[in-house]
Amino acid sequence: DGEKSGNRFLDSLIKAGFKGKIYSISHTGEEISGLTSYPTVSSIPDVVDYVIISIPAQLTPDVLDDCARKKVKAVQIFTAGFREAGTLDGRQLEDEIVMRARQGGFRIIGPNCIGVYNPAINMPYGPSGLIGEVGAVAVVSQSGGHAGKLVAGGIARGIHFSKVVSSGNGCDLEGTDYLEYFASDPKTEIIGAYLEGAGDGHRLFTLAREIACQKPLVIWKGGRTRAGASAAASHTGALASSDITWTTALRQVGAVKAGSFEELTDTLLIFQQLGKFTGNSLAIISGLADGGGGDSVAAADACLSLGLEVPPFASSTKSLLESFIPSRGSILHNPLDISQAMSNPETIKRAVEHVAKDPGINLIMVIEYVDELTQFATWQDAEAINDCFIALRKQGKPIVMVLPPGLAEDKRAQVERELAQARIPVFPSLERAAKAIANISWYYNFHSK
């Protein structure tokens, strides 16, 4: 049945061009999606490394015994209906599959999970078929839905993953186990996690301290409120824990605590795009088209409220800006409203280059409304303006772009893709950009002490 999850997993692997061998299992023995079908795992003539189970929960133990006979290394159980169901039968069934795994000498991913995404071998994220560029960002998520959205949104925003795993209930391998693997994985440089709980909190935070000293570690803890904790128990069977405890512990070990899905994604993105950044002094540029005074105020508030600095430009920088930008209608200190440049690419380029050379500035935040820019300037001028930011980034100057959504969404998405390819992180709002900058600055400053 093409609509069933097992078939969708199979078709997803085939369409993604998975680099290993794929075998389908069906008691009917019929051909499925062009592949020969086998009645059992143990009847497959070749070595089997990894099994995906998508059948009713009560049938799972017998399949695990069959996997043991085949000496399978890992079994991913997509099937739900175990501990997270909140029933005695569900808990007992989960205990049973763990016992079968111990006896059979293999490990379980899940149950109640979507499994592994590994673009290096064209292993897509579950039935989605998603494959992006290979990179160095690894993520473990107890939620399969969050992991899927992170993969899809990350690919769209230019995040390049090494591996992503949805761990589900974590009856055998839990979040801490995957974090330990990512810590030693030479292909992983940045680590993220969505956790709803931890079986061994002491082990988690001891490991987090060790990881954070070597690689950026960003953790979003779900179930912070009473209602959220109740939902987590129903979702993956996770036990509630104090948000204050998590917040304090993560800060003490030097891991970045994300407060939302957006913050987790934003922070992973800025770590990838900027690399090591310890600065704290920002220049804010607005008014690429139309007035930018209001944005200047809002951006300064967003940055200063998070402990970032928006220092005055050096007197030499201010004098240079005044020499070719009309002062009437402009704000020629920091934040810089450049609206009197009239969207002229050469004028904007000169201004940005002078700001970049200011000795008191570590990073430039640019606010660009693509729909307004294309309204007040030609598309060629808009491209030329963005080219100057890309050229500056290639010279090593950290730049962050804020591209709020608008009416010209197709153009905005095109600009974001071009900036992402140049390792410029793009955010949809001032507040999210400021929070991501504050997170990367805090992390590297914490670990430089």
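Arg350 lies over the face of Phe324, 3.9 Å from the ring centre. A second charge of this kind is Lys411, whose charged end sits over the ring of Trp379 at 4.3 Å from its centre. The criterion here is that NZ of Lys or CZ of Arg is within 6 Å of the ring centre and within 35 degrees of the ring normal.

A word on ground rules. This is a predicted model, where local features need pLDDT of at least 70 and side-chain atom pairs count only at pLDDT 80 or more, while totals for chains, interfaces and linings use all residues. Residues are numbered from 1 along each chain as its sequence is written, and side-chain values use heavy atoms, with hydrogens and water left out.

**Overall picture**

The protein chain comes to 16 helices and 17 strands; these are DSSP runs numbered from the N terminus, with helices being H or I of at least four residues and strands E of at least two. Its C-alpha atoms fill a box of roughly 80 × 50 × 35 Å along the principal axes. Of its 449 residues, 53% count as buried. Buried means under 20% relative accessible area, exposed means over 50%, and partly exposed is in between, using a 1.4 Å probe and protein chains only. As for contacts (heavy atoms within 4.5 Å), take those between residues at least 6 apart in sequence: 74% of them join residues at least 24 apart.

**Aromatic pairs**

A search of the whole structure turns up 11 aromatic pairs. Rings of Phe, Tyr and Trp (its six-membered ring) pair if their centres lie within 6.5 Å; planes under 30 degrees apart are stacked, over 60 edge-to-face, and the rest tilted. Two of the pairs are set out here.

| Pair | Centre to centre | Angle between planes | Type |
|---|---|---|---|
| Tyr23 and Tyr38 | 6.2 Å | 65 degrees | edge-to-face |
| Tyr181 and Phe182 | 5.9 Å | 55 degrees | tilted |

The Tyr23 and Tyr38 pair links distant parts of the chain: Tyr23 is in the loop between α1 (5–16) and β1 (24–25), Tyr38 is in strand β2 (residues 37–38), and they are 15 residues apart. Tyr23 is partly exposed, with a relative accessible area of 22%. In the other pair, Tyr181 is partly exposed at 42% relative accessibility, whereas Phe182 is buried at 3%. Elsewhere, ring pairs join Tyr194, Trp220 and Phe261 into a cluster.

Tyr38 turns up again around Ser26, which has its place in the loop between β1 and β2. Ser26 counts as buried, at 12% relative accessibility. Setting aside neighbours within four places in sequence, Ser26 is in contact with Ile32, Ser37, Tyr38 and Pro39.

**Strands**

In strand β3 (residues 50–53) the side chains alternate: Val51 and Ile53 point to one face and are buried, while Tyr50 and Ile52 point to the other and are not. That fits the general pattern, in which side chains of a regular strand alternate between the two faces of the sheet. Strand β3 runs parallel to β4 (residues 74–77), joined by four bridges, and Ile53 has Ile77 of β4 as its bridge partner.

Further along, six strands form an open sheet with mixed pairing, in the order β13-β14-β12-β15-β16-β17. Its edge strands, β13 (331–332) and β17 (426–427), each pair on one side only. Strands count as paired if DSSP finds at least two bridges between them. Strand β16 (residues 399–402) pairs with β17 in the parallel sense over two bridges, and the partner of Val402 in β17 is Phe427.

**Helices**

Helix α10 (residues 293–304) has 12 residues and reaches 17 Å from its first C-alpha to its last, close to the 16 Å expected at 1.5 Å a residue; the expected span is 1.5 Å times one less than the number of residues. Buried in α10 are Asp295, Ser296, Ala299, Ala300, Ala302 and Cys303. Seen down the axis of α10, these buried residues fall within an arc of 165 degrees, so they line one face of the helix; the arc is that of the directions from the helix axis to the C-beta atoms. On the other side of α10, Gly294 and Val297 are exposed. The buried residues pack against β12 (282–286), β14 (336–337), β15 (363–367) and α16 (430–446).

Ala101 lies in helix α3 (residues 88–104) and is buried at 1% relative accessibility. Ala101 and Leu64 are 37 residues apart in sequence and 7.1 Å apart in space, C-alpha to C-alpha. Not counting residues up to four places away, Ala101 touches Phe106 and Ile108.
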